[in-house]
Amino acid sequence: MKKSYLILILFIIVKFVLQYILVSPEYDLQRDEYLHLDQGSHLAWGYLSVPPVSSWISWLIKILGDSVFWIRFFPALFGALTIVVVWKAIEELKGGLFASVLASLGLLFSSLLRLNMLYQPNSLDVLLWTSFFYILIQYVNTEKAKWLYWGGIIFGIGILNKYNIAFLALGFIPALLITKQRRIFTSPHVYGSAILALLIILPNLIWQYQHGLPVIHHMKELSETQLVNVNRFDFLKSQFLFFMGVTFVIVFGFYALLFYKPFEKFRFFFFGYVITISLFLFFRAKDYYAISI
């Protein structure tokens, strides 16, 4: 086995250990966790506040014994897999072992420690956004159609997990259109992958229609009772604090996307970030909604 993969395995082990030992056993589960766990006893294609994926995981947790170990396991697993995907993305970008270790340390000791403690859709949401970005990198480098279909699958599952991933499309479609990568839209496979994503989310769309589109009611209530209190300056400040130990890496990353010639074909990532963050700001989104990007 390559030395680099031994180091990656070490990061995965440390990630799991940290996610378990940082939560004092004296604390009970957080209230939202009880909501998601209970949905495992009432399987459906949708719920008032969330899509169905968390209920499927809750059902699996019940099958496995319904213990705190398994409740903690899945957020930790999604966090560990996020490190793996970032590691693979760095390899695809021709980064060396130092770059992989630096990024992994930045993820390991970040706000994800907090996020991956809680059994909520957020940990899987971060993994799916990250996986979609990795797929975009793969497609730009290889132009193989299979990556577009993998993107459709990941996006479809993402919608069934947390509607928040729709902002990825809203931010990155115009970002692609204003760069040379707009040629991606000339490929029929893009529309084939969009149809695949639609087929994946179709059961939830039918459920929403049959129940009077409760997602609209939920979003309206969320906007009136929670998002209205979001301070936009605090939102922006949090983006620097989430990965505070490697903020300099993010800043140099933006510079590279704009001025480093070999990364010119990935420049749409910069514009995608700006547009997505602007949308989050406009709608007064909670700060952790943007951790994925």
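In this predicted model, helix α3 buries Val53, Ser54, Ser55, Ile57, Ser58 and Ile61. The cover over these buried residues includes α2 (31–39), α4, α7 and α8. Right after α3 comes glycine 65, with a positive phi of about 125°.

One of those buried α3 residues, Ile57, turns up again in the largest nonpolar core, a set of 58 residues in which Ile57, Phe268, Phe269 and Phe280 have the most contacts. Helices that each put in at least two residues are α3 (53–63), α4, α7 (122–142), α8 (145–161), α9 (166–177), α10 (188–210) and α14 (268–282). The top contributor is α7, which gives 12 residues to this core. As for Phe280, leaving aside residues up to four places away in sequence, its contacts are Trp129, Asn164, Phe167, Phe235, Ala285, Tyr289 and Ala290. There is also a second core, separate from this one, with 15 residues, among them Leu8, Leu108, Val126 and Ile291. As a general backdrop, nonpolar side chains in soluble globular proteins tend to be buried together.

Now to the aromatic rings. The model has 29 aromatic pairs. One of them is the stacked pair of tyrosine 20 and phenylalanine 69, with 5.3 Å from centre to centre and 20° between the planes. This pair bridges distant parts of the chain, since tyrosine 20 sits in helix α1 (residues 3–21) and phenylalanine 69 in helix α4 (residues 68–92), 49 residues apart. Both rings are partly exposed: tyrosine 20 has a relative accessible area of 25%, and phenylalanine 69 has one of 43%. Phenylalanine 270 and phenylalanine 271 make another pair, with ring centres 5.5 Å apart; their planes meet at 80°, so this one is edge-to-face. Phenylalanine 270 is buried at a relative accessible area of 19%, and the cut-off for that class is under 20%. Phenylalanine 271, at 27%, is partly exposed.

Some of the rings also group together. Trp129, Phe133, Phe172, Tyr260, Phe263, Phe266, Phe268 and Phe269 make up one aromatic cluster. Phe268 and Phe269 have already come up among the residues with the most contacts in the largest core, and Trp129 among the contacts of Phe280. Elsewhere, a charge meets a ring: lysine 2 lies over the face of tyrosine 5, at 4.9 Å from the ring centre.

Next, the empty space. The structure holds 2 cavities of 30 Å³ or more, and the largest of the cavities has a volume of about 60 Å³. Its lining brings back the α3 residues Ser54 and Ile57, and it is completed by Pro75, Phe78, Leu118, Tyr119, Gln120, Pro121, Ser123, Leu124 and Asn161. By helix, α3, α4 and α7 each supply at least two residues of that lining.

The largest pocket holds about 1,600 Å³ of space. A total of 46 residues line this pocket, and Val86, Val249, Ile250, Gly253 and Ile293 are the ones nearest its centre. At least two lining residues come from each of α4, α5 (97–108), α7, α12 (232–241), α13 (247–259) and α14. Helix α13 has the largest share of the lining, with 10 residues.

Arginine 232 belongs to helix α12 and is partly exposed at 34% relative accessibility. Not counting residues up to four places away in sequence, arginine 232 touches Leu281, Phe282 and Arg284. Leucine 136, by contrast, is 96 residues from arginine 232 in sequence and 29 Å from it in space, C-alpha to C-alpha.

The last of those contacts, arginine 284, has some backbone interest too. Most residues other than glycine have a negative phi. Arginine 284 is not a glycine, yet its phi is positive, at about 55°. Arginine 284 falls in the segment after α14 and is partly exposed, with a relative accessible area of 29%. Lysine 94 is another non-glycine residue with a positive phi, here about 70°. Lysine 94 lies in the loop between α4 and α5, and at 73% relative accessibility it counts as exposed.

How values were computed. Residues are numbered from 1 along each chain as its sequence is written. Side-chain values use heavy atoms; hydrogens and water are left out. Rings of Phe, Tyr and Trp (its six-membered ring) pair if their centres lie within 6.5 Å; planes under 30 degrees apart count as stacked, over 60 as edge-to-face and the rest as tilted. Helices (H or I, at least four residues) and strands (E, at least two) are DSSP runs, numbered from the N terminus. Buried means under 20% relative accessible area, exposed over 50%, partly exposed in between (1.4 Å probe, protein chains only). A charge sits over a ring if NZ of Lys or CZ of Arg is within 6 Å of the ring centre and within 35 degrees of the ring normal. A nonpolar core is a set of buried Ala, Val, Leu, Ile, Met, Phe, Trp, Tyr and Cys residues joined through side-chain atoms within 4.5 Å. Contact means heavy atoms within 4.5 Å. On a 1 Å grid over the protein atoms alone, a cavity is a set of points where a 1.4 Å probe fits but cannot get out, and a pocket is an open set with protein on both sides within 12 Å along at least five of seven lines; lining residues have an atom within 4 Å of a point. Grid points are joined across faces, edges and corners, and a volume is the space filled by probe spheres set on the points.
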